[in-house]
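Trainee: I would like to learn how to read a fold. Where do we begin?

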Amino acid sequence: MPRSNTKGLTAGNYRDLAEFRFLLRNFLAFSEKAARKAGLAPQQHQALLAVKGFPGDAPPSMGDLANRLGIRHHSAVGLVDRLVLAGWLRRTTDLEDGRKVSLSLTRAGEAKIAALSTVHREELRRLAPMLRELLAHIDR
């Protein structure tokens, strides 16, 4: 019988959690390196992905992007400013409410996020068997 502490966690539970954290951190390091190699700061890549993958039919607003990235509104504005200047993102002001701004990718932004997403999916496919096995352990 595996030893457990007072919270009911076994040594194996800790190993599984540590392995998950290790795989997650390695994926994030891979992602940051891939973004830089593609000429983007990691946060710029995250922003483009958040805009492209935003759920629903309406494009995201500045507030939506800030929420998705876990940053403050003014930080999102600065990030969007840099992405617009680079030609990867565009702002569209709402005709009825000039305070509302929606975000969308330019053609160059679409190409950039498609290329990065392709290499990320390949990396996730590589990690999938390890993650499935690990998650099966955690589910027990």
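Mentor: Begin with the terms: helices (H or I, at least four residues) and strands (E, at least two) are DSSP runs, numbered from the N terminus. Here the elements of the protein chain run α-α-α-α-β-β-α from the N terminus on. The radius of gyration is 19 Å, well over the 14 Å that the globule rule gives for 140 residues, so the protein chain is more spread out than a compact globule. That radius is taken over C-alpha atoms, and the rule is 2.2 Å times the number of residues to the power 0.38.

Trainee: What kind of model is this?

Mentor: This is a predicted model: local features need pLDDT of at least 70, side-chain atom pairs count only at pLDDT 80 or more, and totals for chains, interfaces and linings use all residues. Residues are numbered from 1 along each chain as its sequence is written, and side-chain values use heavy atoms, with hydrogens and water left out.

Trainee: What percentage of the 140 residues of the protein chain counts as buried?

Mentor: Buried means under 20% relative accessible area, exposed over 50%, partly exposed in between (1.4 Å probe, protein chains only). In the protein chain, 27% of the residues count as buried.

Trainee: Is A108 buried or exposed?

Mentor: A108 is partly exposed, because its relative accessibility is 39%. A108 lies in helix 5, residues 107–138. Its C-alpha atom is separated by 41 Å from that of I138, 30 residues along the chain.

Trainee: Which residues does A108 touch, not counting those up to four places away in sequence?

Mentor: Contact means heavy atoms within 4.5 Å. With that exclusion, A108 touches G87 and W88.
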